[in-house]
Amino acid sequence: MDFIENLQWRYATKNFDPKKVVSKEKIDILIQSFNLTATSYGLQPLQLIIVQNKEKKEALLPASYGQKQVVDASHILVICIERTIDSAYIERHFKLVKSIRNTSDDILNPFKQQLLTSFASKPKEEIQNWAKNQAYLALGNLLAACAVEQIDSCPMEGFIPERYDEILGLEKLDLQSVLALPIGYRAHDDMFAEFKKVRRSVEDTVVWM
């Protein structure tokens, strides 16, 4: 299948086969896809929680408004943002850039100082909203990777982040949940798999200039 065919194949899976498990090799591909997501300034204000424990998944069900995908899926990928994105976080990023690229301080410092000044002037809520935007970039990458690897998925905003944070102990990790992505393999009787995609025409969504 080519890339477009893979995107046509994917859909928001409503019924997963609880007996089918995504292999470690496939999970590793998704992990790398998440980690290679482009983010604003390259700051990567994200972490990925992978839930495979059955009891944890069952505990998340009420916090997911009863959507059974979280129980029947092989894994739940929870995309989280860092709660603390401060000067120390930015300094660590540029230290990593220098260690990997061996870039001189003369080149790095002007951009670093610009980010330090910019983030210091922003209220915490604005920084969190910026970080949440990066989470959606990661979700898009994961959805595409799942399609290419023929892994079914169901992107979810419909859950209670505060309860997820509590159940998964995310506050101790200085993280905040933003999006959930149950993954696995569709049940043979999931009627939604046969539904035609409903999309506006390309002529209505693309403007050439």
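1. The axes of α2 and α7 come within 9 Å and cross at roughly 145 degrees. The crossing in which α2 passes α7 is right-handed. On the α2 side the contact is made by L30, S33 and F34, which meet A138, N141, L142, A145 and C146 of α7. By residue type this contact has 6 nonpolar and 2 polar members and no charged ones. The model is a predicted one, and the points below should be read with that in mind.

2. Helix α2 has 12 residues, for which a rise of 1.5 Å a residue gives an expected span of 16 Å; the end C-alpha atoms are 16 Å apart, in agreement with that value. Its buried residues are I27, L30, S33 and F34. These cover an arc of only 115 degrees around the axis, and therefore sit on the same side of α2. The face turned away from that buried side carries K24 and E25, both exposed. The cover over the buried residues of α2 includes α7, together with the strands β1, β2 (75-82) and β4 (175-184).

3. Helix α6 (residues 105-120) can be checked in the same manner. Its 16 residues should span 22 Å at 1.5 Å a residue, and the end C-alpha atoms lie 21 Å apart, which agrees. L108, K112, L115, L116 and F119 are buried in this helix. Viewed down the axis of α6, the buried residues fall within an arc of 100 degrees, so they line one face of the helix. K112, a lysine, is listed among those buried residues. D106, P110, Q114 and T117, on the other side of α6, are exposed. The packing partners of the buried residues of α6 are α5 (87-101) and α7 (124-148). Helix α7 thus appears in both settings: it packs against buried residues of α6, and it is part of what covers those of α2.

4. Which residues does S153 touch, leaving aside those up to four places away in sequence? They are Y11, A12, T13, F16, L143, C146, L181, P182 and I183. S153 belongs to strand β3, which consists of residues 152-153. At a relative accessibility of 2%, S153 falls under the 20% limit and is therefore counted as buried. C146, one of the residues touched by S153, is also among the α7 residues that meet α2.

5. Two residues that are not glycine deserve a look at the backbone. Q44 has a positive phi of about 45 degrees; Q44 lies in the loop between α2 (24-35) and β1 (46-51). Its relative accessible area is 33%, which makes Q44 partly exposed. Y65 has a positive phi of about 55 degrees and is placed in the loop between α3 (54-60) and α4 (69-72). Y65 is exposed, with a relative accessible area of 59%.

6. For the protein as a whole, the secondary structure comes to 9 helices and 4 strands. From the N terminus the elements run α-α-β-α-α-β-α-α-α-β-α-β-α. Along the principal axes, the C-alpha atoms fill a box of roughly 60 × 50 × 30 Å. Of the 209 residues, 42% are buried. Among contacts between residues at least 6 apart in sequence, 81% join residues at least 24 apart.

Terms used
Residues are numbered from 1 along each chain as its sequence is written. This is a predicted model: local features need pLDDT of at least 70, side-chain atom pairs count only at pLDDT 80 or more; totals for chains, interfaces and linings use all residues. Side-chain values use heavy atoms; hydrogens and water are left out. Buried means under 20% relative accessible area, exposed over 50%, partly exposed in between (1.4 Å probe, protein chains only). Contact means heavy atoms within 4.5 Å. The expected span of a helix is 1.5 Å times one less than its number of residues. The arc is that of the directions from the helix axis to the C-beta atoms. Axes are lines fitted to C-alpha atoms, for helices over the stretch in contact, and angles run from 0 to 180 degrees between N-to-C directions. A crossing is left-handed if the near helix is turned anticlockwise from the far one by less than a right angle, and right-handed if clockwise. Ala, Val, Leu, Ile, Met, Phe, Trp, Tyr, Cys and Pro count as nonpolar, Asp, Glu, Lys and Arg as charged, and the others, Gly among them, as polar.
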